[in-house]
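Student: Let's look at charged pairs in a protein. Where do we start?

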Amino acid sequence: MSLVLNQPLKLLCFRRKPVLVRSSLMQTPPCSIVGVQPCGADHLGRLDVMMMSRRTCLEKKVPLELVHSDPMVTIGSSHGWVATLKDDGILRLQDDLNPAASDMNPKRIPLPPLVTLPHCQTQIVTNVSMSSSSPEDEDCVVAVKFLGPQLSFCRPAQRKPEWINVRIANPCFYSSRVMYSEKDDMFRIPGSGGHLIGSWDLGTHMHTPKIQKLRFKKFPNLAKTTRKLLDSCCTSEHLVESRSTGGEMFLVKWYKRTSEIVNGVAKMGTEALMVFKLDEQGNAVYTQDIGDLCMYLSKSEPFCVPASSFPGLPSNQVIIYDFDEAGFFFLDNLRFIGGNSTFRAPFHIPPPNMNN
């Protein structure tokens, strides 16, 4: 599993800090959770991370079950907080996998028992998203997207938190992932195929989404063999917001297909990525140039950062960490360089100052 902490498990993001502190935090790059190395302690292991292509086993000790349990109890991450769901039906937010968080006093925040809507399920989670860097923030909203029609919201810091459950009518959103747009102050979900985006605001209209239809522009003229190859792929759509450039929104189409079968289990590999820049009129313009940005895709909420803020970080690339592979996708020449992944925790954690 691979978490990116600036965002494929996004690195924990903290509240706005004074300028001098914030500038020092700029030296902390995004981080990827590779796994946990057993160290002899009961049920604990040392956190194994990847930062700027350098793999390091930290002294920090975390519960082995977060990456080695079967079935996996870790269901996603946002802002460096991992979400866990066990047989008791309680979803918990934990900062154990964040290298910047204390291992002596880890924070583990239980949310209210999940409520399953009729004709829905709450055992299989697509992903988790948060509206701020910490669930302890007064206004933080946690969104949980389940496989199928149910989308649930909760404000953990309220005195008596409870779930607001929404049944999504359009099946094109059933398998998609939810993300939070800071610019629009909304949770957004791309529909399968990328032609629709549903948006849920944080006010009084959580049950009624705003639906936007996209119009694809400058779509690449693909050869017949290429189209046939992409049509055979498993495709997922991801919305990525660039907070460093005023809230630019991108739609990423990720094409994967079976690369090999090991012990009867299909291993998926990346065939292609397509990036589209979105505007408020619903235009989705294909691009191979995202400028200084570097995107992260993993089992965490996707994010991007300005590469120039982190010397050595490549620009105009998408960094991928998944259960089956890890690598770099170069947008300028559409090449993917990577290979099989041994990550047990495919999460990215964003830099601590990403939300500032």
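Tutor: Start with a cut-off: buried means under 20% relative accessible area, and exposed means over 50%. Partly exposed lies in between. Keep in mind that this is a predicted model.

Student: Is Arg188 buried or exposed?
Tutor: Buried requires a value under 20%. Arg188 has 10% relative accessibility, so Arg188 counts as buried.

Student: Which residue forms a salt bridge with Arg188?
Tutor: Side chains of opposite charge can pair when their charged atoms come close. Here the closest N and O atoms are 3.4 Å apart. The limit for a salt bridge is within 4 Å. The partner of Arg188 is Asp184.

Student: How does Asp184 count, buried or partly exposed?
Tutor: The partly exposed range runs between the two cut-offs, 20% and 50%. Asp184 is at 34% relative accessibility, so Asp184 counts as partly exposed.

Student: In the salt bridge of Asp48 with Arg55, what is the distance between the closest N and O atoms?
Tutor: Asp48 counts as buried, at 4% relative accessibility. Arg55, at 46%, counts as partly exposed. Their closest N and O atoms are apart by 2.7 Å.

Student: Which residue meets Arg243 in a salt bridge?
Tutor: The N to O distance is 3.6 Å. The partner counts as buried, at 7% relative accessibility. That partner is Glu241.

Student: Which residue is linked with Lys256 and Lys299 in a network of salt bridges?
Tutor: A salt bridge joins a nitrogen of Lys or Arg to a carboxyl oxygen of Asp or Glu. Both lysines bring nitrogen, so the carboxyl oxygen must come from the third member. That member is Asp322.

Key: Residues are numbered from 1 along each chain as its sequence is written. This is a predicted model: local features need pLDDT of at least 70, side-chain atom pairs count only at pLDDT 80 or more; totals for chains, interfaces and linings use all residues. Side-chain values use heavy atoms; hydrogens and water are left out. A salt bridge is a side-chain nitrogen of Lys or Arg within 4 Å of a carboxyl oxygen of Asp or Glu. Buried means under 20% relative accessible area, exposed over 50%, partly exposed in between (1.4 Å probe, protein chains only).
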